[in-house]
Amino acid sequence: MRSLTFVIGTGRSGSTALSRILNTHPDVLSLNEYLASVGDAAFPEGKVSGADFWQALFRPTPYFASMIRSGLLMPEFLYTRRPGRYTDDPAGVPALSLMVLPHLTDDPDGLLDELRAVVVAWPERTAAEHHEALFAWLGERFGRTAVVERSGYSTGWAPGLRAAFPHAKFVHLFRDGPDCALSMSRHPGYRVITLMREIRERTGVDSFGELTDGMVRSLPPELAPLLAESFDPALVRDRDLPVRRFGALWSELVTEGTRFLAGLPADRRMTLAYEDLLDAPREELARLAAFVGIEPSARWLDSAAATLDGGRRGSARRQLTAAELQDLKESCAPGARVLAEGPA
């Protein structure tokens with residue numbers, strides 16, 4: 001069995017850079033934004049056929065498809081950077097194709113076709129067994145022995161992942177609160193997340209499937225259109241969203257991640273601070289490699305260290321007024337306290 005590690009965290013914490021670094025290691029199958037791409041639809045209860053599992057991997061992620069149709073692109077949408085078979089498909093880009101497959105190959109359409117031919121013929125089994133089989137197939141396809149999945153905004157997935165993959169290890173990646181929150185506040189994906197959370201708070205639903213027409217009509221005009229198949233991107237880009245809201249989100253997510261790690265055996269958990277990665281890249285990456293179960297060659301460490309850019313460190317201090325920074329620090333304080341205490 002290949003080793004399986006999930007990197008969980010807030011996102012906007014150097015996690016995309018970490019995926020790129022891991023992808024350069026000859027033994028690592030780096031699954032970039034896999035969980036963010038396939039979502040809950042790929043984890044149904046009970047047993048499912050290979051054909052049904054394939055549909056969960058292929059079916060475009062609704063909120064990403066809506067963002068693309070609206071012209072609100074995230075930098076993580078790798079498929080949209082160069083034309084492919086599904087670029088203009090009105091249904092959207094297949095879930096696996098948007099961020100996962102272009103991270104592994106320059107021919108994501110071809111790899112998708114290869115996968116389809118294999119997966120649809122698989123027998124009935126649990127979703128976890130299907131995912132394990134998919135990881136194994138991709139590992140064989142690319143000659144990799146260790147699987148590392150990394151998605152942003154992923155701490156909420158952790159308990160379910162532990163239940164589905166009891167042998168997996170977990171890395172909690174985090175970044176300085178004010179810097180991370182400021183980055184979130186300027187990222188279209190996190191702005192959408194914040195607005196969707198506002199919709200749930202106003203309507204009292206746990207999932208958007210519970211929304212009624214009456215609930216949607218009750219929403220203010222700056223929120224209701226976001227539930228349509230496409231919307232004016234200015235509703236997301238131009239909305240005044242106080243940065244402290246993102247500080248509160250950061251606190252919530254790092255608290256969630258830290259408390260999850262506290263429930264794991266010591267040999268199944270690791271913390272990784274973005275600032276430590278910048279300060280001592282070779283040492284921190286060697287520590288990560290040992291945890292994942294791969295060899296940290298000097299060549300890989302040197303190459304990886306050269307790709308890290310510390311220019312974003314201290315962005316909140318440089319770009320906010322003293323009053324704004326203090327306000328943001330206060331909203332980040334609960335999470336900072338939990339991080340300081342550690343998983344114990």
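Q: Helices (H or I, at least four residues) and strands (E, at least two) are DSSP runs, numbered from the N terminus. So how many helices and strands does the chain have?
A: The chain has 19 helices and seven strands.

Q: And what kind of model is it?
A: It's a predicted model, where local features need pLDDT of at least 70, side-chain atom pairs count only at pLDDT 80 or more, and totals for chains, interfaces and linings use all residues. Numbering starts from 1 along each chain as its sequence is written, and side-chain values use heavy atoms, with hydrogens and water left out.

Q: Roughly what box do the C-alpha atoms fill?
A: Along the principal axes, the box is roughly 50 × 50 × 40 Å.

Q: What percentage of the residues is buried?
A: Buried residues (under 20% relative accessible area; exposed is over 50%, partly exposed in between, with a 1.4 Å probe and protein chains only) make up 53% of the 344 residues.

Q: And what share of the contacts comes from residues 24 or more positions apart?
A: Of the contacts (heavy atoms within 4.5 Å) with a separation of 6 or more, 77% are between residues 24 or more positions apart.

Q: OK, helix packing. At what angle do α3 and α8 pack?
A: About 75°, and the axes of α3 (residues 50–58) and α8 (residues 127–142) are 11 Å apart. Axes here are lines fitted to C-alpha atoms, for helices over the stretch in contact, and angles run from 0 to 180 degrees between N-to-C directions.

Q: What does that make the pair, parallel or perpendicular?
A: Roughly perpendicular, the label for 65 to 115 degrees; under 35 is roughly parallel, over 145 roughly antiparallel, and the rest oblique. Gly50, Phe53 and Leu57 of α3 make the contact with Ala127, His130, His131 and Leu134 of α8.

Q: How do α11 and α14 cross?
A: At roughly 85°, with the axes of α11 (residues 188–203) and α14 (residues 243–262) coming within 11 Å. So α11 is roughly perpendicular to α14.

Q: Which residues meet there?
A: On the α11 side there are Tyr190, Arg191, Thr194, Arg197 and Glu198, and on the α14 side Arg245, Phe246, Leu249 and Glu252.

Q: And what about α10 with α19?
A: The axes of α10 (residues 177–185) and α19 (residues 322–341) come within 9 Å and cross at roughly 105°. That means α10 and α19 are roughly perpendicular too. Gly177, Pro178 and Ala181 in α10 meet Leu325, Leu328, Lys329 and Cys332 in α19.

Q: Switching to backbone: what sign does phi take in most residues other than glycine?
A: Negative, mostly. Arg12, though, has a positive phi near 55°, and Arg12 sits in the loop between β1 (3–9) and α1 (15–23). Glu33 has a positive phi as well, near 60°.

Q: Where's Glu33, and is Glu33 buried or exposed?
A: Glu33 is in the loop between β2 (28–32) and α2 (34–38). Its relative accessibility is 8%, so Glu33 counts as buried.

Q: Last one, Ala91. Which loop is Ala91 in?
A: The loop between α4 (62–69) and α5 (95–99). Ala91 is partly exposed because its relative accessible area is 48%.

Q: What does Ala91 touch, leaving aside neighbours within four places in sequence?
A: Pro60, Ala65 and Arg69.

Q: And how many Å separate Ala91 and Leu211?
A: From C-alpha to C-alpha, 22 Å, with those positions 120 residues apart in sequence terms.
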